[in-house]
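Here are some notes on how the helices and sheets pack in this one. Have a look with the model open beside you.

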Amino acid sequence: MPRILIVGGGYAGFYTAWKLEKWLRPGEAEVTVVDPLPYMTYQPFLPEVAAGSIEPRHAIVPLRRHLKKTEIVAAKVTGIDHASKTATITPNIGEPYEFAYDQIVVTAGSVSRTFPIPGVADEAIGLKTIEEAVAIRDRILTNMDKAAGLPAGPERDRLLTIVVVGGGFAGIEIFAELRSFVSGLLKQYPEIKFEDTHFHLIEAMGRIMPEVSLPTSLWVIKNLAERGAEIHLDTQLKSAVDGVIELSTGDSFESDTIIWTAGVMASPMLKGTDLPIEERGRLQVRPDLRVGTADNIVPDAWGAGDVSAVPDLSGGGVGGFCVPNAQHAVRQGRLMAKNIVAELRGEKLVEYNHKNLGAVAGLGIGVGAFQSGKIAVKGLPAWFMHRGYHGLAMPTWERKIRVIGNWVFNFVLGRDIASLEARVHPRAAFEAFASRPRPAAEAPAEPAAEAKKPAAKRAPAKKTAEKSLPSPEGAPIVVGGGDPVDTK
């Protein structure tokens, strides 16, 4: 059977494998997904995970549970030699090995793109993984607990100041969700007043959310300002060393929570391949999702999602390419599965042509924004649209039910506000009280002159007198050599 290797189990990779399982005939091909993580993360839910609206495990899709016929390998693909159709697989545990394939699908996704700003690499956290979203949630809850026990002052202000860098969709959503989250927490923290909490979003451009119209973006800024959140436009972050935020405007303040959402870049794993890469480091892909250009096709190689520069035939993409978002990655994964099956059967391939249906953002409980063409919806209706769209877009009914169940229970019971930051060092409590063996007593050293003699000529060692001391329970304790003496 032909072997199909899928590099990455994110949106595009998961949907490709999921649909291949549905459309391939028995024995028609063998599919393998390689990813160091055992799950796909539904990234549009990360802001709600950070704000405690969704249980973290419900925002991911376990690969082994939902890919029944696909081989799952927990590893990284660290090299691709397509000329020989082999990939270097580096497992999470063990030595790298070569994997031979017939067709390769590159859906390795993207990583946070940062700039060499002092302090960012040491102090900030991204918003690309479920682990980052959970860490943000626990950090805020832990800092609220700390601040509640402190008097007013610089350290308290630092704990209660949250900074988000980047005014795109991801940045605005996490910023607004956290503002809603902290506002809702205040009734459990009577020691903290609303004016004690500080929210700052830093955006280098003159506007936020380029996916929506200017009037809609201005409405979002006004709404957030009314909720006590400040947006700094035309402002750059100059330094974040030791949590001290220095802006290009001259403003400076301290923060213990710095979230970086200022862009993404294609996975660096492409550097270890012989596949064609364009100037921004993305895989060159044709409209039918085969790797290559308009004039040159790389046989048996496919690409989709954030890692690929997929031409946007609808005319709405930035620079002529599809923007890196979930809406495109999901649809490209489905089409790529169809085209792979068509290629195996000698049928005609279909080009990817999807016109953006619009953009919808959740801005905290009861607040949202939706834009499709000239149609804009704001406030509570847009919030329902946001939850309805993403609730249905979450793959598999099992995951949909879990997520929607979270929303229903939170509506009735409220959000869970327990911090589990101690999970980072789960053995700390055990280690603090665990008994350890005492170090063994050292034997007395032999005199140097005696040690040099042959063993047969050495003076016999003096026999140590045997003593037996009763323990409190009456059990013998032997000091020296020999058998214990019963003291009962």
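1. One thing to keep in mind is that this is a predicted model. With that said, start at helix 5 (residues 130-148) and helix 7 (residues 169-185): their axes come within 12 Å and cross at roughly 35 degrees. The crossing of helix 5 and helix 7 is right-handed.

2. Who makes that contact? From helix 5 you have I136, R137, I140, L141 and M144, and from helix 7 L178, F181, V182 and L185. By residue class, the contact of helix 5 with helix 7 comes out as eight nonpolar, no polar and one charged.

3. Next, helix 1 (residues 11-23) against helix 9 (residues 326-344). The axes of helix 1 and helix 9 are 8 Å apart, and the packing angle is about 35 degrees. Here, too, the handedness of the crossing is right-handed.

4. The helix 1 side of this contact consists of Y11, A12, Y15, T16, K19, L20 and W23. On helix 9, the contact residues are A326, A329, V330, G333, R334, M336, A337, K338, I340 and V341. The contact of helix 1 with helix 9 splits into 12 nonpolar, two polar and three charged residues.

5. Now the sheets. Strands 14, 15 and 16 make an open sheet in the order 14-15-16, paired antiparallel. Strand 14 (237-239) and strand 16 (252-254) are the edge strands, and each pairs on one side only. The twist from one strand to the next averages 35 degrees.

6. Within that sheet, strand 15 (residues 244-247) pairs with strand 16 in the antiparallel sense over three bridges. If you want a residue pair to click on, try I245, which stands opposite F253 in strand 16.

7. Then there is the open sheet of three strands ordered 23-24-25, again with antiparallel pairing. Strand 23 (359-362) and strand 25 (375-379) sit at its edges with a single partner strand each, so one side of each has no neighbour in the sheet. Neighbouring strands of this sheet are turned by 5 degrees against each other on average, direction ignored.

8. Strand 24 (residues 368-372) and strand 25 are joined by five bridges in the antiparallel sense. A pair to look at here is S372, opposite I375 in strand 25.

9. Last point: what does helix 10 (residues 380-393) pack on? On this same sheet, where helix 10 touches strand 23, strand 24 and strand 25. The direction of helix 10 makes about 100 degrees with that of strand 25.

Note on methods. Residues are numbered from 1 along each chain as its sequence is written. This is a predicted model: local features need pLDDT of at least 70, side-chain atom pairs count only at pLDDT 80 or more; totals for chains, interfaces and linings use all residues. Side-chain values use heavy atoms; hydrogens and water are left out. Axes are lines fitted to C-alpha atoms, for helices over the stretch in contact, and angles run from 0 to 180 degrees between N-to-C directions. Helices (H or I, at least four residues) and strands (E, at least two) are DSSP runs, numbered from the N terminus. A crossing is left-handed if the near helix is turned anticlockwise from the far one by less than a right angle, and right-handed if clockwise. Contact means heavy atoms within 4.5 Å. Ala, Val, Leu, Ile, Met, Phe, Trp, Tyr, Cys and Pro count as nonpolar, Asp, Glu, Lys and Arg as charged, and the others, Gly among them, as polar. Two strands pair if DSSP finds at least two bridges between them.
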